[in-house]
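Reader: I would like a close look at a single part of this model, the sheet, with a careful account of how its members are arranged and what lies against them. Please take the time to connect the details.

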Amino acid sequence: MKKTIIVTISVILIFAVIGGAGYAVYRFFYPTGLGNVETVAPLETLFPATTDEPETQPEKLYKVGIVQNGLGDASKACYEGFISELNERGVLGNLDIVYIVEDDKEQCAAKIKQLATGDCDLLYTIGRYASVTAKDTTKDIPVVFGAVNSPDEIGLVATNEAPGGNVTGVSSFPPCFEQIDLVKLLLPEAKSIAVMYSGTDTDAVSQGIIASKEAENIGLTCEKYIVDSEKTLLSTLDKIKTAKTNVVYIPVDKFLNKHLKTITDFSIENKIPVICGDEATLAKGAFATSVVNHSSIGRKAAGMAVDILFNKKDPATLSVIYKHDCDNLINQEVVDKLGIKIPATAQSKVQVYEKPTEVQIPTETAAAETLKE
């Protein structure tokens, strides 16, 4: 009889341990239940072993809501960088984190409101929509945003230097300086550059001005071309060809994107490389770009969150961060067509662009079956 009781108790304990471990895994991968959430990276990726001592000794458990409206790799990297930085700083165990991935804007707004009325101590919002919605929802809870291009121009902050309210964060404005610097890295013989942008796209104008100044700073002869129609685009390309310009730079530009094939066909035909402002343009036929490492955005946002929660910094006085780690990318197919040989000194500083894989959002059934396995 005693033996039977001991065996029974042992079995119960084993199932209790397994059940507890299973529930822990479930809460990590699906912190808000089996809703519209994205599967995160493996534990060993997000939580690498660290021997660093915690930078802070918090007195309480803080609730942090993470709201991600985008489903792409960049948004996911903003989340993973945030979590990794918190872990390396030794404060992850002192945080109650609710991670929401919601593609539907109405649902996203509803969940942000729910977080804001649920004793949340800080919101980390990834992307423009989630960030603007959080600002409109609460004036009291600190909001740290990530991956918003021009927060001052859309009213998220009063100014980048002095945000002035409960919102601050990390911009994802295209790294124009680094993009222009690629000319010296990849095309050291180049002497001249043409910077094209449309005058009706305010972001493109800002990028064009910054790029032109940086081109002059590194010793390139720079000619700016404002292009707002197909006619002016064609005449501009003729001018670039006649002037025997070495390189063309185009920022993230709505108008030029519509006529990108015209530009890339011109580039290949005349062997004039195009350095561009983003990965999407690179994938469609540009030569090279430098892009913000979105994990870096998450890490810097995490640093701001630590300052606000543990070091009692006021978000109103924390300047928006624009400095990032960047990845230099080349389109190998275009490199081959242009007949460009990447200098040996640059090969370790660039990587070949690869199209991102499609993000798969698990259904409730699929997620449940995954947990069972």
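Author: Two strands are taken to pair if DSSP finds at least two bridges between them. In this predicted model, strand β1, residues 62-68, and strand β3, residues 122-126, are joined by 5 bridges and run parallel. Within this pair, I66 stands opposite Y124 of β3. Helix α4, made up of residues 105-116, packs on the sheet and touches β1, β2 and β3, while its direction makes about 170° with that of β1.

Taken as a whole, the sheet is an open one, in which 5 strands follow the order β2-β1-β3-β4-β5 with parallel pairing. At its edges stand β2 (95-101) and β5 (167-171), and because each of them has a single partner strand, one side of each is left without a neighbour in the sheet. On average, and with direction ignored, neighbouring strands of this sheet are turned by 15° against each other.

For a second element beside this picture, one may turn to helix α10, residues 260-270, where L260, I263, T264, F266, S267 and N270 are buried. Seen down the axis of α10, these buried residues fall within an arc of 155°, and therefore they line one face of the helix. The exposed residues K261 and E269 are carried on the face of α10 that is turned away from its buried side. Just after α10 comes K271, which takes a positive phi of about 55°.

Methods:
Residues are numbered from 1 along each chain as its sequence is written. This is a predicted model: local features need pLDDT of at least 70, side-chain atom pairs count only at pLDDT 80 or more; totals for chains, interfaces and linings use all residues. Side-chain values use heavy atoms; hydrogens and water are left out. Helices (H or I, at least four residues) and strands (E, at least two) are DSSP runs, numbered from the N terminus. Axes are lines fitted to C-alpha atoms, for helices over the stretch in contact, and angles run from 0 to 180 degrees between N-to-C directions. Contact means heavy atoms within 4.5 Å. Buried means under 20% relative accessible area, exposed over 50%, partly exposed in between (1.4 Å probe, protein chains only). The arc is that of the directions from the helix axis to the C-beta atoms.
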